[in-house]
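Me: I'd like to learn how to read strands, buried residues and chain contacts in a model like this one. Can we go through it feature by feature?

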Amino acid sequence: MDLGEFLRSIPDFDGLTDDDLTVLEKAMVIKSHDDGHVFFSQGSRSDNVYLILEGEVSVKRHINKQIAALRLKQMHRGELFGLYSLITGRRHEATCEAVGPVKTASLPGPAFKLLYDMHSPLTHHFQYIVTRQLMQDYRSLVGLLRNIIFSSDADEARNYIDMTKTRYLGSVELSETDAQKALASLLAGKKTT
Amino acid sequence: MIEKMLTQEEFQDCFPQIARDLKKSELYTMLNSLERCEFDTGELVTRDGKTVDALYFVVDGELDCYLENNSDRFKLGIITKGQYIGEAAILDGGPESTTVIAASKTRLFKMTHDRFQQLRAAEPRLASTLLHAFCEVLIERIQSSDELLLRTLLKLKQDPDIFDTGTIREMFAVVCQQLHGYE
């Protein structure tokens, strides 16, 4: 499938005209990335908007630099990332990393800015997509918390807590000492990032 | 005589960030897109799990915000002037995640989903300004709850058996409050 065809198959791009999608197709650069490639790190400035063509990208937020990171989510084919920072000019709030080989189509920052400043419907649509993505993250977190809060007994609560741990702490097991260190650091208010 | 339309001054006072980013003509369109509605104390505005067809801008009064599950209810906090209700549903059409009940006589202005979609097509810059405001609120809430969630999970990882169900509920309820914008 070529890029144009792929863009037209993404449900999120339904509201865009053929002309908008052609502009996007021409401005995007396709690239392959190895496993572990860091697209951008938390705290850095933005340079591109990425669309995942193949593979998966993890989104992590480090609360404590040495030990603890919350795995916010895993992004898949057809999803965009790197957009919010570009729109707002803020530093990235999370680190995005390839999980296995990943192929992306990226829109360079200056091209996006130009389209944004021209009030292209394309960039307004991007804003809509990113807000909706954020809302989905928000809903997903509220859903997990709700399950724990309304658990009928301790076992049910523990099951949901385990799901939340797996979802946000990931599969990396913290040792008792690491957990204690991270907790002590957080309680002491030492925010290292 | 009751003012049906929200005045420019009131909107600027309640939603300065949005007002600041709108051009004069867009602000006018925005005000014309809003419909006044009032709720008396105890009246239901949204119900947790049910769909809502509008976004509400709170201009006057206070509303209680709850998480609800069958007969179980947990108060998250109070919504006041300058806040919105129903921004989730306007984006994805999904159900509301909270029950909101007027805690006093309340004046809201609502924008229907249909109107918002019309604005997205006809006034994309205006719609983007609203989306930007929602984004800012969401990012702030998600980030501020991240650290608390991590701290809570680590506490439980350290010694999961020392907490009873009530304490666990309380610990996660605090995270949930933070996520909804209540300290």
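Reply: Sure, and keep in mind that this is a predicted model. Let's start with one pair: Lys31(A) has Thr104(A) as its bridge partner in β6(A).

Me: What do Lys31(A) and Thr104(A) tell me about the strands around them? In what sense do strand β1 of chain A and strand β6 of chain A pair?

Reply: Here's the general idea: strands of a sheet pair through backbone hydrogen bonds, and they can do so parallel or antiparallel. In this case, strand β1 (residues 29–33) of chain A and strand β6 (residues 95–108) of chain A are antiparallel, with 5 bridges between them.

Me: How many bridges join strand β3 of chain A to β6(A)?

Reply: There are 11 bridges between strand β3 (residues 48–62) of chain A and β6(A), and the two run antiparallel. Look at Ile52(A): its bridge partner in β6(A) is Thr104(A). You've met Thr104(A) already, as the partner of Lys31(A). Strand β2 (residues 38–40) of chain A also pairs with β6(A), again antiparallel, over 2 bridges. There, Val38(A) sits opposite Glu97(A).

Me: Let's try chain B. What is the order of the strands in its open sheet of 4 strands?

Reply: The order is β1-β8-β3-β6 (chain B), and the pairing is antiparallel. At the edges are β1 (35–39) and β6 (84–85) of chain B, each pairing on one side only. Follow β1(B) to its neighbour and you'll find 5 bridges to strand β8 (residues 106–112) of chain B, running antiparallel. One pair to click on is Glu35(B) with Lys110(B), its bridge partner in β8(B).

Me: Which way do the side chains of strand β7 of chain B point?

Reply: The general rule is that in a regular strand the side chains alternate between the two faces of the sheet. Now the case: in strand β7 (residues 99–102) of chain B, Thr99(B) and Ile101(B) point one way, while Val100(B) and Ala102(B) point the other. All four are buried.

Me: Which strands pair with β7(B)?

Reply: Among them is strand β4 (residues 63–69) of chain B, antiparallel to β7(B) with 4 bridges; Asp64(B) stands opposite Ile101(B) there. Strand β2 (residues 44–46) of chain B is another, antiparallel to β7(B) over 2 bridges. In that pairing, Thr46(B) has Val100(B) as its bridge partner.

Me: Let's stay with Thr46(B). Is Thr46(B) buried or exposed, and why?

Reply: The general idea is to check the relative accessible area: under 20% means buried. Thr46(B) has 2% relative accessibility, so Thr46(B) counts as buried. This residue of strand β2 of chain B touches Val52(B), Ile85(B), Glu96(B), Thr98(B), Thr99(B) and Val100(B), leaving out residues up to four places away in sequence. The side chain of Thr46(B) also reaches the backbone oxygen of Thr98(B) at 3.2 Å.

Me: What about a lysine? Is Lys73(A) buried or exposed?

Reply: Lys73(A) is buried, because its relative accessible area is 17%. You'll find Lys73(A) in strand β4 of chain A. Its side chain makes a polar contact of 3.0 Å with the side chain of Asp137(A). Outside its neighbours within four places in sequence, Lys73(A) has contacts including Val57(A), Gln133(A) and Arg167(A).

Me: Now for the place where the chains meet. How many residues does each chain bring to the contact?

Reply: Chain A brings 48 residues and chain B brings 55. Together they bury about 5,000 Å², with 69% of that on carbon and sulfur atoms. On the chain A side, Tyr138(A), Ile149(A) and Phe150(A) supply 15% of the area that chain A buries against chain B, more than any other three residues.

Me: How many salt bridges are found across the interface?

Reply: There are 3 between chain A and chain B. One to look up is Arg146(A) with Asp48(B), where the closest N and O atoms are 2.7 Å apart. Among the elements giving two or more residues to the chain A side are β4 (69–75) and α5 (121–149) of chain A. The largest share, 18 residues, comes from α5(A). By type, the residues of that chain A side are 27 nonpolar, 8 polar and 13 charged.

Notes: Residues numbered from 1 in each chain as written. Chains lettered and ligands numbered in written order. Predicted model: local features only at pLDDT ≥ 70, side-chain atom pairs only at ≥ 80, totals over all residues. Heavy atoms only, no water. Buried < 20%, exposed > 50% of the residue type's maximum accessible area, 1.4 Å probe, protein only. Pairing = 2+ DSSP bridges. Polar contact = N/O pair within 3.5 Å; in protein donor to acceptor, adjacent residues only side chain to side chain. Contact = heavy atoms within 4.5 Å. Buried area = accessible area lost by both parts, 1.4 Å probe. Salt bridge = Lys/Arg side-chain N within 4 Å of Asp/Glu carboxyl O. Nonpolar A, V, L, I, M, F, W, Y, C, P; charged D, E, K, R; others polar.
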